[in-house]
Amino acid sequence: MESGLRGEVRVCPDASALTLAVARALVDTLRTAAVGAGRCSVALPGGNTPRALYRLLGSAYREALPWQAVHIFWGDERYVPADDPRSNYRMAKEEWLDHIAIPPENVHPMPTHLADIDEAARRYEAILRAHFPMPWPGFDLVLLGLGPDGHTASLFPGSPALEERSRWVIPVRAPVEPPARLTLTLPVINRAAAVWFLVLGADKEEVLRKTLRGRAGRDLPAAQVRPVDGGLIWWVDAAAAALLAEVEPRHAPRSNS
Ligand code: 6PG
């Protein structure tokens, strides 16, 4: 393990092997949580990386979990209508949620239909507080992506959102399209029982290396993901891990799908 690494890095040979390994680990993690507590909760990322994972969870793994005990939330959302092609909710719904027997009341998309985005953030926080009656929400798993600039969820470099320590959900203006977004804050993400980054492709190798070894400054939001008590795993493919010379690839089974 590299010194200074934050969390455990699991290197998979390619995208399909990573997707299979993450799907298997996600099912195990959520099943264990559901058996232990009677229910479990996961917060989903957006972007392109999780699409193949969602598709696999909605096909080969569609019977793998007691979906009535699983609650689905989002780590961030673009402030667009739920049927907009840029919606993180729409992508998860089309690739995964429409293909499993999950009760509609267990799917908790961020509201994006209100004129006032701050009110939408407060409404989602109220949904979280109703679901997690405790000082901080205890997600069993938060899945995150890594942007080329080191952003994660919708926490972008230099954003004042990185300083938020009391609200659970806030509106942000992103430097990418679409700019209006909602995001979980760092205190919420860092109180999850498990936080997993999914990082694919050579275009992420430099930002991954910097994030894993860089300072946790405002210029590297993903480096500020440091679970208080939870586990942190970086699921990366060999292309993204190319600059992590010291990390021994742990070859996940190749996908046979
Ligand atoms: C979003 C995401 C965002 C994403 C990264 C990586 O709403 O876009 O939540 O944080 O995870 O930008 O995106 P890719 O997976 O497309 O590289």
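**Close-up 1. The ligand's home in this predicted model is the largest pocket**. If you want to find the ligand, go to the largest pocket, since the space the ligand takes up is that pocket. The pocket's volume comes to about 520 Å³. A total of 27 residues line the pocket, and the ones closest to its centre are Gly46, Gly47, Asn48, Arg78 and His151.

**Close-up 2. Here's what the wall of the largest pocket is made of**. Sort the lining residues by class and you get 10 nonpolar, 10 polar and seven charged. Two elements to pick out are strand 4 (76-78) and helix 3 (88-95), each of which supplies at least two residues of this lining.

**Close-up 3. Now zoom in on the residues around the ligand**. There are 14 of them, and Thr49, Asp76, His151, Ala153 and Lys204 come nearest. What classes make up this shell? Eight of its residues are polar, four are charged and two are nonpolar.

**Close-up 4. Oxygen atoms of the ligand pair up with Asn48, Asp76 and Ala153**. Start with Asn48, where a backbone N or O atom lies 2.7 Å from an oxygen atom of the ligand. Asp76 uses its side chain instead: a polar atom there lies 2.7 Å from a ligand oxygen. At Ala153 it's the backbone again, with a polar atom 2.6 Å from an oxygen atom of the ligand. How much of the ligand does the protein cover? On its own the ligand has 420 Å² of accessible area, and the protein covers 89% of that.

**Close-up 5. Away from the topic of the ligand, let's look at the cavity**. Rolling a probe the size of a water molecule over the atoms shows where empty space is left. How many cavities of 30 Å³ or more does the structure hold? It holds one. The largest cavity contains about 40 Å³ of space. Its lining is made up of Leu18, Thr19, Val22, Thr49, Pro50, Ala52, Leu53, Leu198 and Leu200. You've met Thr49 before, by the way, as one of the residues that come nearest to the ligand.

**Close-up 6. Two helices help to wall in the largest cavity**. Helix 1 (15-37) and helix 2 (51-57) each supply at least two lining residues. Which helix gives the most? That's helix 1, with three residues. Are charged residues present or absent in this lining? They're absent: the lining has seven nonpolar residues, two polar ones and no charged ones.

Definitions and conventions: Residues are numbered from 1 along each chain as its sequence is written. This is a predicted model: local features need pLDDT of at least 70, side-chain atom pairs count only at pLDDT 80 or more; totals for chains, interfaces and linings use all residues. Side-chain values use heavy atoms; hydrogens and water are left out. On a 1 Å grid over the protein atoms alone, a cavity is a set of points where a 1.4 Å probe fits but cannot get out, and a pocket is an open set with protein on both sides within 12 Å along at least five of seven lines; lining residues have an atom within 4 Å of a point. Grid points are joined across faces, edges and corners, and a volume is the space filled by probe spheres set on the points. Helices (H or I, at least four residues) and strands (E, at least two) are DSSP runs, numbered from the N terminus. Ala, Val, Leu, Ile, Met, Phe, Trp, Tyr, Cys and Pro count as nonpolar, Asp, Glu, Lys and Arg as charged, and the others, Gly among them, as polar. A residue is near a molecule or strand if one of its heavy atoms lies within 4 Å of it. A polar contact is a pair of N or O atoms within 3.5 Å; within protein, one must be able to donate a hydrogen and the other to accept it, and residues adjacent in sequence count only if both atoms are side-chain atoms. Accessible areas come from the Shrake-Rupley method with a 1.4 Å probe; for residues, only the protein chains shown count as cover. A molecule sits in a cavity or pocket if more than half of its atoms lie within 2 Å of its grid points.
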